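User: Please pick one part of this model and look at it closely, together with what packs around it. I am new to this structure, so give the cut-offs of any term you use.

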Amino acid sequence: MNSANDDDRRELLARIEQYYDAVPRSGARAEDFGPLTLFVREGRGWPFYARPALGWSGPVSAGNVARVRARQRELGIPESFEWVAETTPALRAAAEEAGLTVHEHPLMALGPDAPPLALPEPAAGLELRIVGPEDPVLPSALAVPHLAFADPGTRTGTAGTAELREATRAVAADGSVEQMAARIRAGLTCVAAVVEDGLALCSGQHQPVGPVSEIVAVGTLPAARRRGLGQAVTAALLADARSRGAGTVFLSAGDEDVARIYGRLGFRRVATALIAEPPAGE
């Protein structure tokens, strides 16, 4: 890689770091732990995590990680840490010394020079759409990623519409739909979905902050996989992000197989996203 590409990559990762620090602040409070910042969600929704303090360039110790873990346990929230390996390389050794397991995920981005994507035409009976705050499909659009992430990967699974309806009822009752509707109205989150018979078979979100947005929570109902639904939702989210002025759009792929799918849409690996959490069963 030449020096110009190195500079471009550093600038891109700096934009992503600024984004990572900014985006949780619309729904969480930040607690300062020196080299680490713990974001604590206020209200319902996915719990947040700890990550490196913005601009921190010094060392990170296992003791720093342990202090945050103690606070997470005190609050009853997941002991989760997220960061970019290339930006904060010292944190991996500290997390592992503190007893956490570190998982790697391809960090992929699409820059402003990438050509626009043509939105795919869904198969008969399916509709690809941006989900509004009053859309009756919003509860299932929030429920389907839970089923998808419970059965990760790209293979076809067993959870189908019966499980989706049950999960949708749970989401409709816990207040998260109202919270997401408020975020959509405020322009903080965009939700896209592929819909069949009034249910979202696949959905995802992007969350714009200035000229940067991250595509998150793209999940397909396990029984509906291998039909290109995730690509369709990602393309719709990308188009919406571009329409809002996002020059940089990025995401973390679950694994290399998922990364190859995003690669077909023009995303390229730029770094490695790391997630640290306690070992299974702890």
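Analyst: A residue is called buried when its relative accessible area is under 20%, exposed when it is over 50%, and partly exposed in between (1.4 Å probe, protein chains only). The model is predicted, so local features need pLDDT of at least 70 and side-chain atom pairs count only at pLDDT 80 or more, while totals for chains, interfaces and linings use all residues. Residues are numbered from 1 along each chain as its sequence is written, and side-chain values use heavy atoms, with hydrogens and water left out.

The part chosen here is helix α6, which covers residues 176–185; helices (H or I, at least four residues) and strands (E, at least two) are DSSP runs, numbered from the N terminus. Ser-176, Val-177, Met-180, Ala-181, Arg-183 and Ile-184 of α6 are buried. Viewed down the axis of α6, these buried residues fall within an arc of 160°, so they line one face of the helix (the arc is that of the directions from the helix axis to the C-beta atoms). Glu-178 and Arg-185, on the other side of α6, are exposed. After the helix comes Gly-187, with a positive phi near 75°.

Several elements cover the buried residues of α6, among them the helices α4 (138–150) and α5 (161–173). The cover also includes the strands β6 (127–131), β7 (190–196) and β8 (199–209). Of these neighbours, α4 can be described further. The axes of α4 and α6 come within 10 Å and cross at roughly 105° (axes are lines fitted to C-alpha atoms, for helices over the stretch in contact, and angles run from 0 to 180 degrees between N-to-C directions). The two helices are therefore roughly perpendicular to each other; angles under 35 degrees count as roughly parallel, over 145 as roughly antiparallel, 65 to 115 as roughly perpendicular and the rest as oblique. On the α4 side, Leu-138, Pro-139 and Leu-142 make the contact (heavy atoms within 4.5 Å). From α6, Ser-176, Val-177, Met-180, Ala-181 and Ile-184 take part.

Leu-138 leads from this contact to the interior of the model. The largest nonpolar core has 49 residues, and Leu-138, Val-233, Tyr-262 and Phe-267 have the most contacts inside it (such a core is a set of buried Ala, Val, Leu, Ile, Met, Phe, Trp, Tyr and Cys residues joined through side-chain atoms within 4.5 Å). Helix α7, residues 229–243, gives the most to this core, with seven residues. A second, separate core has 19 residues, including Val-65, Trp-83, Val-102 and Ala-276.

Phe-267 touches residues from several parts of the chain, not counting those up to four places away in sequence. Its contacts include Met-108, Ala-109, Leu-110, Ile-215, Thr-234 and Tyr-262. Thr-234 is itself a residue of α7, and is buried with a relative accessible area of 0%. Besides Phe-267, Thr-234 contacts Ile-215, Val-218, Tyr-262 and Leu-265, leaving aside neighbours within four places in sequence. Ala-235, also placed in α7, is buried at 4% relative accessible area. With the sequence neighbours within four places left aside, Ala-235 is in contact with Leu-117, Leu-119, Pro-120 and Leu-265. Between the C-alpha atoms of Ala-235 and Val-212 there are 16 Å in space, and the two residues are 23 apart in sequence.

Met-108, one of the contacts of Phe-267, stands opposite Arg-269 in strand β11. Strand β5 (residues 101–110) and β11 pair in the antiparallel sense over nine bridges, where pairing requires that DSSP finds at least two bridges between two strands. Strand β4, residues 81–84, also pairs with β11 (residues 268–277), antiparallel and over four bridges. There Phe-81 stands opposite Ala-276, a residue of the second core.

Back beside α6, the loop between β7 and β8 holds Asp-197. Its phi is positive, about 55°, although Asp-197 is not a glycine. Most residues other than glycine have a negative phi. Asp-197 is exposed, with a relative accessible area of 70%. Ala-217, in strand β9 (residues 212–220), likewise has a positive phi of about 55° without being a glycine.
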